Amino acid sequence: MMGRLPLDEQLTVLKSVLSRNEVLLEVLHRTAALDVPGWYVTAGCLFQTVWNVVTDKHPTSGIKDYDVFYFDSRDLSWEAEDAVIKAADKAFAGLPAEVEIRNEARVHLWYEQKFGIACAPYASTEAAIDSFAATTCCLGVRLEPGGRWRIYAPHGLSDVFNLVVRPNPVLAPREVYETKTARWQQQWPELNVLDWPSAPAMPTRS
């Protein structure tokens, strides 16, 4: 049971499991070459690779896309981010998957229009990862100089290995969580999806 290993061993196993996804490895190496600040490959391509390996599927099965977050608050214009996106399009050309790169320093400028909820400016890429709708999604990996893996996992790795999806009601609305988990359960029926927490009851006057 990978989810019951000590944390240091879980980190070793995570690297081994993720390395079985050759597309993911290529995304990591090509993103490192882009040299954008504070970057991580994050979210579905990571935990879904683990789910695939745990459930004996091909490592890339059902992975919709590969998300790359970076953080550059020096220029919050769309033009600056678009220049990075265009450079990434060239860098990721030829890969058998879609790669989406976004500047998390700009998220607060468009989040409310898209999701109907205001988003305070993030202070870092890690803060952006912290706000995913499920704690299972809160995972990031990047390659440091020399090829060392930097792994960000604020909620640990046990749920990821144990196929547990736990809500993270800090920003994303309930509808986002339930839409995503319903789609995931179709692909990975072995998942244990926990319910979104109910709103606390209002006190009644006696």
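Which backbone oxygen does the side chain of arginine 106 reach, and at what distance? I started my notebook with that. The model is predicted, so I read every value as computed.

**Entry 1: arginine 106**

I found arginine 106 in the loop between β3 and α5 (111-115). Its side chain reaches the backbone oxygen of leucine 76, at 2.7 Å. Next I looked up its surroundings. Leaving aside neighbours within four places in sequence, arginine 106 is in contact with Leu76, Ser77, Trp78 and Glu81. Is arginine 106 buried or exposed? I noted a relative accessibility of 10%, so arginine 106 counts as buried.

**Entry 2: helix α4**

Glu81 led me to α4, where Glu81 is one of the buried residues. Helix α4 takes in residues 78-91, which makes 14 residues. At 1.5 Å a residue, α4 should span 20 Å. Its end C-alpha atoms are 20 Å apart, so the two values agree.

I then listed the buried residues of α4: Glu81, Asp82, Val84, Ile85 and Ala88. Why do they line one face of the helix? Seen down the axis of α4, they fall within an arc of 160°, so they line one face. I wrote down the general rule too. An α-helix has 3.6 residues a turn, so residues three or four places apart point the same way.

On the other side of α4, I found Glu79, Lys86 and Lys90 exposed. What covers the buried residues of α4? The cover includes α2, β2 (66-70) and β3 (99-103).

**Entry 3: helix α2**

Since α2 is part of that cover, I went there next. Helix α2 holds 13 residues, from 22 to 34. The expected span is 18 Å, and the end C-alpha atoms lie 19 Å apart, which agrees.

Its buried residues are Val23, Leu24, Val27, Leu28 and Thr31. They cover an arc of only 140° around the axis, which puts them on the same side of α2. Glu22, His29 and Ala33 are exposed on the other side.

I checked both ends of α2. At the start, a side-chain oxygen of asparagine 21 comes to within 3.1 Å of the backbone nitrogen of valine 23. After α2 comes aspartate 35, with a positive phi near 60°.

**Entry 4: strand β4 and its partners**

Which strands pair with β4? Strand β1 (residues 40-42) joins β4 through two bridges, and the two run antiparallel. There, threonine 42 stands opposite glycine 140. Strand β5 (residues 149-152) also pairs with β4 in the antiparallel sense, over four bridges. Here I found arginine 142 opposite arginine 150.

The hairpin of β4 and β5 has five residues between the strands. In this hairpin, glycine 146 takes a positive phi near 90°.

I also looked at the faces of β4 (residues 140-143). In a regular strand the side chains alternate between the two faces of the sheet. In β4, Gly140 and Arg142 are on one side, and Val141 and Leu143 are on the other. All four are buried, so both faces of β4 are covered.

**Entry 5: cysteines**

How many disulfides are there? I counted zero, taking sulfur atoms within 2.5 Å as a disulfide. For cysteine 45, the nearest cysteine sulfur is that of cysteine 137, 11 Å away. Cysteine 45 is buried, with a relative accessible area of 1%.

Why is cysteine 119 in no bond with its closest cysteine? The closest sulfur, in cysteine 138, is 13 Å away, too far for a bond. Cysteine 119 also counts as buried, at 9% relative accessibility.

Definitions and conventions. Residues numbered from 1 in each chain as written. Predicted model: local features only at pLDDT ≥ 70, side-chain atom pairs only at ≥ 80, totals over all residues. Heavy atoms only, no water. Buried < 20%, exposed > 50% of the residue type's maximum accessible area, 1.4 Å probe, protein only. Expected span 1.5 Å × (residues − 1). Arc of directions from axis to C-beta. Polar contact = N/O pair within 3.5 Å; in protein donor to acceptor, adjacent residues only side chain to side chain. Contact = heavy atoms within 4.5 Å. Pairing = 2+ DSSP bridges.
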